Structure formats: C-alpha cells, structure tokens
Amino acid sequence: MFKTRLRLGKVLGIPLHIDVSWLLIFVWVTWSLAGGYFPERYPSWSRTMVWGVGALTSLLFFGSVLLHELGHSLVARAQGVPVESITLFIFGGAAQISDEPATPFDEFVMAIAGPLVSLILSGLFALVYLLWRNKEAPVAALSLFLGGINLSLGVFNLIPGFPLDGGRVLRALLWRLRQDIRWATKWASRAGQMVAYAFVVVGILRAFSGYWVNGLWIAMIGFFLDNASRTAYARLSARDLLRGYPVEQVMSRDCHTVSPQLSLDMLVEHHLMGNAGRCFVVTRGERALGMLTLHNIRKVPRVDWPFTQVEDVLMPLEQLRTVDPVTPLWKALEEMTAEGVNQLPVLDDGKLKGMITREDVITFIHDRANRAAAPR
C-alpha cells in the first residue's frame, strides 16, 4: 500500500511525519520566492543566491509551522494528554493529540499556545531584520519574510472557526458556558463552516477578478476548513459512541490464518478464491509472524508463485500496527485512519486473538447510533 506519510524521526520524543502534499507546497513556496518575490526586491542578487535563499526561507517557514505545532503538543503533554505525532502537509501542520482536553481551561491553553509561538517567532524575526537590515541583505530579506508569514500564521489561526486554534478557543468558551463539550463542538464546528464558506466566496471573487491563482488557493483553504470542521465534529460524535468499549467486544475472532511455508499458488487456489478477505495473518502455532495482503501477492510475478512461500513476502509483525484486546475502540479506529489501513491484528502477548477492521467499527457505530435514535 502506498503511504502518504513519511516519517522523519522524532522531535522532543514526538514522531514527526511529512505528508507527500508537503513536498508539493515546499516546491511551490520555493519557486514563488525564488521566481518572483526575491528577484523583484533584490534584482542585484545572483541566480544562485535567489534560489539558495528561497529554499532556506521555505525550510525555515515549515520549521516555524513545526514550532507552532510543538507549542500545542508540549502543552498537551504537560496536561497529561498523549501526543501521537506531528504531520506537516499542504496546508501547514497538525498535531495528532490522542484525547480531548479534560477541562475548558486546558482546551483554551492548548489552543492558544500555537498562535502565541507564531507571534513570538514573528517578533524575533522582526528583531533580526532590524539588526541586520544594513549588514547582510540575505539575512534581512529572509527575516522580513518570515516575520510577516509568522504574523499571518498566528493571526489566521485565531479566526474563530473550529478546528482552527481560534475555533478551539471558541469551543473552550462555549464549553465553559454550558459544561457540554459535544454541544460546544457542534456550534464551534458550525462557526468553522461559516468561516470556510466565506473563504470559498472570497476565493471565487478573487479568481473572477483576475487573480485566479490567489483565488483558487483561498477557495481551497475554504474547502479544507469545511471538511476539517465537519470531520472534527463527526470524530467527537464517533468517539462518544465508542467510549467505554474495547476492541475485544467488536473484533472478529475467526481470523483467516495461513502457514508461512504455504506457496503463493496454493494460497490463491485454496484460500483466496471465494474468500472475501483481502488479507491473511501468517502464524506459526499461536504466534503471529506478520500479515499478507493482496498487494504483497501482486508484487510477485505469477510464474514465481509456485516457488514463493508466504514467509518470503509477508509484512513482518514488527512493521505492523497492532492493538491488544483492551485497546479502546476509538483508539483502534484512529490508528487505522492514521496509517491508512483497513484492519489491525489483535494480539495478546504475541498471540493472535482476532482482527479488528474499519468495517467492524463503522457497523458498531451505526448500530449504536440507530439504537440511540430508536423510540423508547
């Protein structure tokens, strides 16, 4: 399966990923800076200087986004809320925080931390610009741009539309007012949708005014915010429906297991044909070794199937995301969503206990929602 996220390592113990869309925006920002912004303001610069400063400025810009997200993450960790990872993508960055804040005040502090980091960075870059504007033009130019972009990042994120930081501040205030996080999320999400519609309208008007690239970008931000706002509320609703239920209550216990010594032609003939499953757990006795998917099989030429064993092409257990029977259901669903997979093996001390699939969880959510909506 093609992964849309690449892991870069850890920052202060927090896994850092970049989405493939980040590569596109990095190239676009660098090209915009080196192809227009810097040459127009500094025509005496050489081509090498223009592209070098453009690339460095782009990297520092995304470094600023990373620090913004670290602001949220470190406050969350201080509150005892685990942070799964930070991902940089086309619209900036996102910290995957595994649980909701415990109180409205915790929400407010966590939400405001990111914009405060951006505003502080803006001030620091402005100071560097003032100190170096008559000494080193590249340093001054870089600092001037980054000061402005961090100011814009901080102010933009304070717009009161969920899931922007300003929307989370709004949710904290509504939550404090009524002591109901779901009600607060509902109305903060609606505010986020209104903000998103405003972005789309402004983007369309800009496009029809001749600024089609700028207008298209603004409209895309609007569509992204609308989707993110709806998703955030749906995520909280789903978490409420799943809260208190462990994986073992929903997982399939009759997993389709195969031997590591089985050849691929025998696997296809005797296990795959007529089987709705798209993956198999490879076991030796009760011990799980890994997983085999259709993608693994298709990578092997058909003529080599009789001579290729399952153990030669399986995905080893240590490379797989797994859960244990007592893992909360909402946690398992978020794991599958984050990794872009449709199933997770359920292991207990290395022994296979079952398989949890996205379909299992979605069906459980629908059943609970229908029971809750049924007349009493």
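Two residues are in contact here when heavy atoms of one and the other lie within 4.5 Å. With that in hand, start with the whole protein chain: among its contacts with a separation of 6 or more, 63% join residues 24 or more positions apart. Keep in mind throughout that this is a predicted model.

**Stop 1: the whole chain**

Show the cartoon. You should find twelve helices and ten strands. Along the principal axes, the C-alpha atoms fill a box of roughly 75 × 60 × 45 Å. Now switch on the surface. The accessible area of the protein chain is about 20,000 Å², and carbon and sulfur atoms hold 62% of that. Of the 376 residues, 46% are buried. If you colour by charge, you will be looking at 36 positive and 31 negative charges, whose mean positions are 7 Å apart.

**Stop 2: the largest nonpolar core**

Select W22, F38, F62 and L88 and show their side chains. In the largest nonpolar core, which has 35 residues, these four touch the most other members. Next, colour the elements that each supply at least two residues of this core: β2 (14–19), α1 (20–41), α2 (47–78), β3 (83–89), α3 (104–132) and α4 (137–157). Which of them gives the most? That is α2, with nine residues. As background, nonpolar side chains tend to be buried together in soluble globular proteins.

Stay with L88 and expand the selection to its contacts. Leaving out residues up to four places away in sequence, L88 touches L16, H17, I18, D19, W22, F62, V65, L66 and G93. Another core lies apart from the largest one; it has 19 residues, including L329, A332, L344 and V346.

**Stop 3: two neighbours in α4**

Return to α4 and select L142 and S143. Both L142 and S143 sit in this helix. Are they buried or exposed? L142 has 9% relative accessibility, under the 20% cut-off, so L142 counts as buried. S143 has 2%, so S143 is buried as well.

Now show what each one touches, again setting aside residues up to four places away in sequence. L142 is in contact with L56, T57 and L60. For a distance label, pick the C-alpha atoms of L142 and L56: these residues are 86 apart along the chain, yet the atoms are separated by 8.3 Å. S143, in turn, touches F125, V128 and Y129.

**Stop 4: a cis peptide bond after α4**

Move on to the loop between α4 and α5 (165–178), where P163 is located. Zoom in on the bond from F162 to P163: this peptide bond is cis, with omega near 10 degrees. Most peptide bonds are trans, and most residues other than glycine have a negative phi.

**Stop 5: two positive phi angles**

Select L12 and Q179 for a look at the backbone. L12 is in the loop between β1 (5–11) and β2, and has a positive phi of about 55 degrees although it is not a glycine. Q179 is in the loop between α5 and α6 (181–208); its phi is positive too, at about 60 degrees, and Q179 is not a glycine either. With a relative accessible area of 53%, L12 is exposed. Q179 is exposed as well, with a value of 53%.

**Stop 6: the two sides of α8**

Look down the axis of α8, residues 264–272. Which residues of this helix are buried? They are L264, L267, V268 and L272. Seen from this viewpoint, they fall within an arc of 95 degrees, so they line one face of the helix. An α-helix has 3.6 residues a turn, so residues three or four places apart point the same way. Turn to the other side of α8 and you will find E269 and H270 exposed.

**Stop 7: R284 in β6**

Finish by selecting R284 in strand β6, which spans residues 279–284. R284 has a relative accessible area of 45%, so this residue is partly exposed. Without counting residues up to four places away in sequence, R284 touches P260, Q261, L289 and E311. For a last distance label, take R284 and T257: they are 27 residues apart in sequence, and 9.4 Å separates their C-alpha atoms.

Notes. Residues are numbered from 1 along each chain as its sequence is written. This is a predicted model: local features need pLDDT of at least 70, side-chain atom pairs count only at pLDDT 80 or more; totals for chains, interfaces and linings use all residues. Side-chain values use heavy atoms; hydrogens and water are left out. Helices (H or I, at least four residues) and strands (E, at least two) are DSSP runs, numbered from the N terminus. Buried means under 20% relative accessible area, exposed over 50%, partly exposed in between (1.4 Å probe, protein chains only). Accessible areas come from the Shrake-Rupley method with a 1.4 Å probe; for residues, only the protein chains shown count as cover. Lys and Arg count as positive and Asp and Glu as negative; His and the chain ends are not counted. The place of a charge is taken as NZ of Lys, CZ of Arg, CG of Asp or CD of Glu. The arc is that of the directions from the helix axis to the C-beta atoms. A nonpolar core is a set of buried Ala, Val, Leu, Ile, Met, Phe, Trp, Tyr and Cys residues joined through side-chain atoms within 4.5 Å.
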